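Dear colleague,

Please find below the structure that I am handing over to you, with its sequence. My account of what was found in it follows directly after.

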Amino acid sequence: MAKRLAGKPVVEKIAEEIGGRVASLADKGIVCGLSLLRVGERPDDLSYERTAEKRAESLGIEVRKTVLDEGVSQAGIEAAIDEVNGDESIHGCLMFRPLPSDINEQAVCDALATEKDIDGISSAALAAVFMDRDFGFAPCTAAACMRVLDYYDVPLEGAHVVVVGRSLVIGKPIAMMLLRRNATVTLCHSRTKDLAAVMRAADIVVCATGRARMFKAECFSPDQVVLDVGINFDEAGKLCGDVDFDEVEPIVGAITPVPGGIGSVTTSVLMAHVVEAAERTTSA
Ligand SMILES: Nc1nc(=O)c2c([nH]1)NC[C@@H]1CN(c3ccc(C(=O)N[C@@H](CCC(=O)O)C(=O)O)cc3)C=[N+]21
């Protein structure tokens, strides 16, 4: 039986850390403002949005929701971004991704002011992650994985971490963040030869492919720490991860559940980032 790396205590710890900071900002007359910008009705976006709204409310962070129709034009999205950039009451913006395929997504991401880009979607923010610099913000999901590893005292120095998935949202940035902590990182993807064997050799496995329950028992070995980043919906509409939890949990040393794992911490990291963004406006 694996140790369950639950998100809840990490979420509570982050709430404790930022509660006081929200209060001192309020003393200065600043209410943290979070913009949620969504295009269409993707179920994983809605799942994130629900949790984010709840979390923000409990922390005294004000949410401004913008919902655009799925058929919105490039100019329409960019206008919404401009509005966020120009609004002083908004300190950070989460724009849900991916955008519809006819949209030039990187152009939209780069239109967002770096200081408001609390999910690291702009080129400038990602460059900071890749250069070990601390301006901007890292993508929340990658930061959430690091928070979970640190909360549960998982040693990173010299550890072999296999990351499966090479997206800019999680795979690539978390590889850099792990490197910065002196882990040895192997970045895998759909063309990796003998993926299961590569995964079995790891101390820590980060699964981030976005395919429901694709990783089965043969990909894992005893004592491993498994982070399941997936937020998928199965045929029954049930939220599930990239890992087949029931099959894998008896084998490994520790594993994050879905729901109640990385996703729940991601939402808290988003709140921490918006508070930090608001603080930066006062100290500039
Ligand atoms: N720019 C961008 N960054 C993202 O990080 C991003 C995105 N776009 N688009 C959508 C996906 C999905 N995603 C989730 C994060 C947290 C929960 C979450 O809090 N889930 C709760 C449960 C929620 C429920 O029960 O519905 C949990 O896992 O415990 C869900 C989904 C981030 N994504």
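I begin inside the sheet, where Val206 stands opposite Leu227 in strand S8. The model is a predicted one, and what follows should be read accordingly.

The strand pair around Val206 is parallel: S7 is joined to S8 (residues 225-228) by four bridges. On its other side, S7 pairs with S5, again in the parallel sense and over four bridges; there Val205 of S7 has Val162 opposite. The side chains of S7 alternate, with Ile204 and Val206 pointing one way and Val205 and Cys207 the other way, and all of these are buried. Leaving aside residues up to four places away in sequence, Val206 touches Cys145, Val161, Val163, Val164, Ile174, Leu227 and Val229.

These strands belong to an open sheet of six, in the order S1-S11-S8-S7-S5-S6, with parallel pairing. Its edges are S1 (3-4) and S6 (184-188), each of which pairs on one side only. S6 runs parallel to S5 (residues 160-164), and five bridges join the two. Within that pair, Val162 stands opposite Thr186 of S6. Helix H7 (residues 171-180) packs on the sheet, where it touches S5, S6 and S7 (204-207), and its direction makes about 170° with that of S6.

The buried residues of H7 are Gly171, Pro173, Ile174, Ala175, Met177 and Leu178. Their cover includes helix H5 (123-130) and H6, together with the strands S5, S6 and S7. Just after H7, Asn182 takes a positive phi of about 70°.

The whole chain

In secondary structure, the chain comes to 10 helices and 11 strands. Its radius of gyration is 19 Å, close to the 19 Å that the globule rule gives for 284 residues, so the chain is as compact as a globular protein of that length. The C-alpha trace spans about 50 × 40 × 35 Å along its principal axes. Of the 284 residues, 42% are buried. Among contacts with a separation of 6 or more, 69% are between residues 24 or more positions apart.

The nonpolar core

In soluble globular proteins, nonpolar side chains tend to be buried together. Here the largest nonpolar core has 86 residues, and the members that touch the most others are Cys145, Val206, Cys207, Val226 and Val274. Helix H10 (residues 262-283) supplies the largest share of this core, 10 residues. Two of the members named above, Val206 and Cys207, are the S7 residues that point opposite ways.

The ligand shell

Which residues are closest to the ligand? They are Ser47, Tyr48, Thr51, Pro259 and Gly263, out of 23 that surround the ligand. Helices H2 (43-59), H6 and H10 each supply at least two residues of the shell. H2 gives the most, with six residues.

Backbone features in the loops

Pro259, named above among the residues closest to the ligand, is joined to Val258 by a cis peptide bond with omega about -5°. Pro259 lies in the loop between strand S11 (254-255) and H10. A second cis peptide bond runs from Arg97 to Pro98, with omega near 0°. Pro98 has its place in the loop between strand S4 (92-95) and helix H4 (105-111).

Two aspartates also deserve a note. Asp132, in the loop between H5 and H6, has a positive phi of about 55° although it is not a glycine. Asp132 counts as exposed because it has 10 C-beta neighbours inside 10 Å, the cut-off for exposure being 12 or fewer. Asp153 lies in the loop between H6 and S5, and its phi, near 55°, is likewise positive in a residue other than glycine. With 6 C-beta neighbours inside 10 Å, Asp153 therefore counts as exposed.

The loop between H6 (140-151) and S5 also holds Pro155. Is Pro155 exposed or partly exposed? It has 13 C-beta neighbours inside 10 Å and so counts as partly exposed. Pro155 and Glu62 are 93 residues apart in sequence, and their C-alpha atoms are 36 Å apart in space.

With kind regards

Notes. Residues are numbered from 1 along each chain as its sequence is written. This is a predicted model: local features need pLDDT of at least 70, side-chain atom pairs count only at pLDDT 80 or more; totals for chains, interfaces and linings use all residues. Two strands pair if DSSP finds at least two bridges between them. Two residues are in contact if their C-beta atoms, placed from the backbone, lie within 7 Å. Axes are lines fitted to C-alpha atoms, for helices over the stretch in contact, and angles run from 0 to 180 degrees between N-to-C directions. The radius of gyration is taken over C-alpha atoms; the globule rule is 2.2 Å times the number of residues to the power 0.38. A residue is buried if 20 or more other C-beta atoms lie within 10 Å of its own, exposed if 12 or fewer, and partly exposed in between; C-beta atoms are placed from the backbone. A nonpolar core is a set of buried Ala, Val, Leu, Ile, Met, Phe, Trp, Tyr and Cys residues joined through C-beta atoms within 7 Å. A residue is near a molecule or strand if its C-beta atom, placed from the backbone, lies within 6 Å of it.
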